[in-house]
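Biologist: Got a minute to go through this model with me? I'd like to talk about how the chains meet.

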2 protein chains.
Amino acid sequence: MDATQTVPAHGDTLIATVMASVRQRITSRSLTPGMRLPSIRALATSMGISKSTVVEAYERLAAEGVIRSRPGSGFYVAAPMAPLSLSEIGPRLDREVDPLWISRQSLDAGDTMLKPGCGWLPASWMPHEALRRGLRSLSRAADATLADYGTPLGLRPLRELLARRMGGHNIAAGPEQIMLTESGTQAIDLICRYMLDAGDTVLVDDPCYFNFHALLRAHRARVVSVPYGPDGPDIGQLATVLEEHRPRLYLTNSGIHNPTGASLSPVTAHRLLKLAEQHDLIIVEDDIFADFELTPAPRLAAFDGLERVIAIGSFSKTLSASLRCGYIAAKPEWIEGLVDLRIATSFGGSHFAEALVQAVLTDGGYRKHLEGLRTRLARAMAETAVRLEETGIVPWLMPQAGMFLWCRLPAGADAGKVARHALSEGIVLAPGNAFSLSQTAHGFMRFNVAQSGDARIYRMLKAALSG
Amino acid sequence: MDATQTVPAHGDTLIATVMASVRQRITSRSLTPGMRLPSIRALATSMGISKSTVVEAYERLAAEGVIRSRPGSGFYVAAPMAPLSLSEIGPRLDREVDPLWISRQSLDAGDTMLKPGCGWLPASWMPHEALRRGLRSLSRAADATLADYGTPLGLRPLRELLARRMGGHNIAAGPEQIMLTESGTQAIDLICRYMLDAGDTVLVDDPCYFNFHALLRAHRARVVSVPYGPDGPDIGQLATVLEEHRPRLYLTNSGIHNPTGASLSPVTAHRLLKLAEQHDLIIVEDDIFADFELTPAPRLAAFDGLERVIAIGSFSKTLSASLRCGYIAAKPEWIEGLVDLRIATSFGGSHFAEALVQAVLTDGGYRKHLEGLRTRLARAMAETAVRLEETGIVPWLMPQAGMFLWCRLPAGADAGKVARHALSEGIVLAPGNAFSLSQTAHGFMRFNVAQSGDARIYRMLKAALSG
């Protein structure tokens with residue numbers, strides 16, 4: 001016996017005995033993953049020991065990851081999968097770069113906060129006059145529009161309109177191939193639920209929209225990434241990742257990429273699709289920035305003919321985020337399964353939101369609003385780039401359109417630290433690593449040019465970067 | 001060698017060889033559950049056989065359940081869990097009693113169909129004047145209401161109002177303990193995602209709201225049930241089920257039970273909660289029929305103080321199903337986790353729908369509307385009961401309020417058959433077994449009294465029951 005070993009106190013021996021007994025029962029499979037352990041009271045009684053000894057043993061086993069506690073329930077044998085507390089799944093991120101934290105900060109931020117890190121336009125930039133007209137006309141709509149559930153696929157005239165819009169991007173999708181959803185996020189969520197088994201691998205871009213990470217954690221998916229360059233994903237690395245990890249799904253934006261503002265080139269699109277076919281990869285193409293584009297970029301869904309590409313979108317960026325309405329266009333057999341899943345998990349859609357989106361999209365003022373919006377964004381982008389450069393922050397790429405500038409901080413600066421400092425001054429930023437699976441974007445930051453007009457942002461940045 | 005054994009043709013031998021080789025690789029764990037099998041082309045090449053031989057071998061293994069095919073992807077080793085095609089999970093039900101099928105029929109039914117089987121009021125019974133007023137007032141609301149995402153918990157004034165409403169049922173829930181959702185169904189879905197691991201067991205009433213079955217299939221939960229009587233669940237059987245199956249969650253309605261119209265008695269509520277405490281059972285109390293009640297039934301959430309009971313509700317039954325808005329009231333640490341999960345899977349809520357619900361709930365006309373609605377429902381219930389009895393269909397119980405009559409068909413009649421016949425005449429019914437996990441309700445049918453005024457329904461029933 002090692003002379004330096006501490007002789008355990010009596011309490012510690014008892015605790016060790018309880019721990020050994022639990023471990024033995026797990027090894028012998030009399031307790032299997034997911035099974036509840038005996039209650040503290042029951043075990044204490046049966047072993048003739050105090051409850052506090054059992055509590056301590058269980059807590060030590062939980063700290064080791066052998067068992068885990070569940071709120072209001074007790075202790076369970078740790079399963080291969082963790083319970084769905086998002087903050088416990090995956091690598092524990094610093095609050096500053098935790099996708100969920102940034103979303104919550106942005107959504108919760110009152111009017112006094114500045115939000116250059118958020119992912120949407122200020123309310124004053126949205127087509128409120130068309131929305132107000134839409135509401136007034138809805139107030140005279142049929143009772144059914146006001147009170148009934150939507151149909152399983154959603155309002156037909158809106159699906160017809162979407163089919164025509166997609167036709168404009170050379171995507172051939174009939175209205176029967178389009179299902180309306182309650183948001184773009186819900187669209188992706190439904191597709192993941194439909195397509196993924198637990199443990200399946202999903203491919204994302206690095207960097208990518210940060211909520212993809214939170215969403216995929218909720219699905220307990222394995223996530224792998226491919227670097228995203230000015231023309232789209234790095235095709236060489238994509239081939240390697242597909243070979244090594246066999247992902248089932250690839251989540252990407254192709255119109256205007258979030259956060260980089262890059263656009264997929266036709267040659268990259270073509271190569272990407274060839275690889276996807278070779279590796280039976282299904283692609284979810286999130287097209288929520290389509291209405292910002294000046295010159296439409298190629299769409300994977302157009303090249304592929306909705307064979308293995310699923311196109312999704314929503315209206316939260318250009319029409320209203322308050323009105324929840326998105327869509328999925330996919331091959332008919334997938335739409336069929338998705339409709340079942342949607343009824344099971346959210347029942348009917350919002351007839352109401354669908355009718356209002358339809359009203360605004362067909363309102364003569366909406367097209368004019370979009371034209372004005374594109375001009376306004378282009379001006380804000382140019383101005384923001386100049387003002388950022390004065391603080392030493394340089395765009396990685398000047399996007400052809402959209403609201404995001406993906407920027408490199410001066411050498412040595414850490415975006416997480418800058419974000420923390422900013423928050424203390426009432427400014428929500430979006431530091432690079434929130435977008436990066438590989439956590440290699442600590443020197444980057446995404447700016448929303450429509451939310452970056454206030455001089456306090458640049459004063460804060462100067463101070464943080466010089467400090 | 002058995003002389004009766006058929007000597008396999010050459011093709012069959014090759015197929016058997018491929019099958020044996022796949023089985024061997026699964027047994028040896030070189031292929032594990034969820035892994036993709038080699039592509040048909042690759043395996044054919046490597047074994048020097050034709051692709052059609054591999055196809056046949058894979059298809060036979062799939063028929064045996066050893067492997068399974070996935071749309072657009074290939075063949076996979078069958079996992080303990082099936083892929084999320086709802087129609088493939090669980091016992092294959094006849095279309096007539098498949099919960100999803102009834103929902104889809106009801107949601108899809110045009111104005112020419114009669115829907116005594118559906119779960120909502122006709123649009124003309126809803127408070128459309130209050131909704132129209134609400135829309136007109138929203139058309140003058142601030143830009144943020146029209147265009148911004150909702151906050152993570154949802155519109156505070158609406159949460160305050162809900163807190164007061166719950167206070168009226170003796171449920172003490174502060175606005176910080178209430179999260180708005182996009183529907184009652186989404187509320188349950190989020191709770192299941194938060195609370196359940198795959199394979200966890202969930203308890204439901206038999207009979208219960210049929211979409212619970214579809215929802216729980218989507219979660220791949222094991223489902224067990226307890227018979228529901230005139231005073232609530234059968235407490236004796238509940239104790240046995242808890243002991244044997246250790247369910248994690250219990251999904252129930254307690255205001256007015258769907259489909260039976262029964263109300264929980266205080267003594268059953270008390271016993272149920274004691275058992276729940278003993279077995280660490282979490283209860284989800286779905287209270288969407290609260291506004292129909294004349295005399296409030298006891299609420300589990302009131303007795304329990306939101307310790308292990310989670311209260312959920314929505315406005316789709318009394319206000320509008322077109323406006324998607326529901327809520328969850330639970331203990332603060334659960335709300336915290338649910339907010340994260342909701343942002344990850346549907347991002348912001350509908351500021352818009354929340355503001356409109358708030359406007360209608362505080363509209364002076366809404367209370368008057370509800371009073372009129374209760375009277376109208378009581379009259380329709382009495383009339384429907386009389387008309388049904390003329391066809392030999394008898395209510396199992398006369399509910400104190402609400403829109404449902406759970407009825408027994410004449411001896412020997414099969415509700416599934418009657419429903420099939422009805423559909424051929426353009427009438428959507430809700431046969432008992434759609435609500436019954438044990439499939440013991442083939443002699444029952446749920447009628448929505450607000451949708452049962454048309455004489456054609458009774459003519460059809462008479463014909464179907466005499467035929």
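Modeller: Sure, here is a quick chat about the interface and the domains. It's a predicted model, so to speak: local features need pLDDT of at least 70, side-chain atom pairs count only at pLDDT 80 or more, and totals for chains, interfaces and linings use all residues. Residues are numbered from 1 along each chain as its sequence is written, chains are lettered from A in the order in which they are written, and side-chain values use heavy atoms, with hydrogens and water left out.

Biologist: How many residues of chain A are in contact with chain B?

Modeller: 91, and they touch 92 residues of chain B; contact means heavy atoms within 4.5 Å.

Biologist: And what area is buried between the two?

Modeller: About 7500 Å², with carbon and sulfur atoms giving 52%. That's accessible area (1.4 Å probe) lost on putting the two parts together, summed over both.

Biologist: Which residues in chain A lose the most area to chain B?

Modeller: R104(A), L107(A) and Y149(A), together 10% of what that side buries.

Biologist: How many salt bridges across the interface?

Modeller: The rule finds eight, a salt bridge being a side-chain nitrogen of Lys or Arg within 4 Å of a carboxyl oxygen of Asp or Glu. R36(B) and D280(A) make such a pair, at 3.1 Å, N to O.

Biologist: Which helix gives the most to chain A's side?

Modeller: Helix α13 (residues 332-346), with nine residues touching chain B. Helices here are DSSP runs (H or I, at least four residues), numbered from the N terminus.

Key:
Helices (H or I, at least four residues) and strands (E, at least two) are DSSP runs, numbered from the N terminus.
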